[in-house]
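Colleague: I would like to learn how to read a model like this one, feature by feature. Could we go through it together?

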Amino acid sequence: MIKVTRLNGMEYFINPHQIESMQFLPDTTLFMLSGKHLVIKEGTDEILSRIIEYRKRIGGFKNEE
């Protein structure tokens, strides 16, 4: 799970494997496989870094650097 922050300051965790796409519109918007979308404070580069770090921690994607 990775931590994200909604625009109202509420922090929570999401499963990064459930993210279908991400856009910067100008706020970062995550589109989930469930059809929901989340508008968050973090930028796209920060979210990508968190996803990569999470995947390294779980050990399932050793070839990602």
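Colleague: How many residues lie between β1 and β2 in their hairpin, and which glycine in the turn has a positive phi?

Modeller: Please keep in mind that this is a predicted model, in which local features need pLDDT of at least 70 and side-chain atom pairs count only at pLDDT 80 or more, while totals for chains, interfaces and linings use all residues. Residues are numbered from 1 along each chain as its sequence is written, and side-chain values use heavy atoms, with hydrogens and water left out. Helices (H or I, at least four residues) and strands (E, at least two) are DSSP runs numbered from the N terminus, and two strands pair if DSSP finds at least two bridges between them. Here β1 and β2 form a hairpin with 5 residues between them, and glycine 9 in the turn has a positive phi of about 95 degrees. The two strands run antiparallel and are joined by 4 bridges, with phenylalanine 13 in β2 as the bridge partner of lysine 3.

Colleague: Which side chains of β2 are buried, and which are not?

Modeller: Buried means under 20% relative accessible area, exposed over 50%, and partly exposed in between, with a 1.4 Å probe and protein chains only. Along β2 the side chains alternate, with Tyr12 and Ile14 pointing to one face and buried, while Glu11 and Phe13 point to the other and are not. Glutamate 11, for its part, counts as partly exposed because its relative accessible area is 48%.

Colleague: With which side chain does glutamate 11 meet in a salt bridge?

Modeller: Side chains of opposite charge can pair when their charged atoms come close. A salt bridge is a side-chain nitrogen of Lys or Arg within 4 Å of a carboxyl oxygen of Asp or Glu. The side chain of glutamate 11 meets that of lysine 3 in such a bridge, at 3.7 Å from N to O, and the structure holds 3 salt bridges.

Colleague: Which residues do salt bridges with shared partners join into one network?

Modeller: Arginine 50 forms a salt bridge with glutamate 42, their closest N and O atoms being 3.2 Å apart, and forms another with glutamate 46, where the closest N and O atoms are 2.7 Å apart. Salt bridges that share partners thus join Glu42, Glu46 and Arg50 into one network. Arginine 50 and glutamate 46 both lie in helix α1, 4 residues apart, about one turn of the helix, whereas glutamate 42 lies in the loop between β5 and α1.

Colleague: Why does glutamate 42 count as buried?

Modeller: Glutamate 42 counts as buried because its relative accessibility is 9%.
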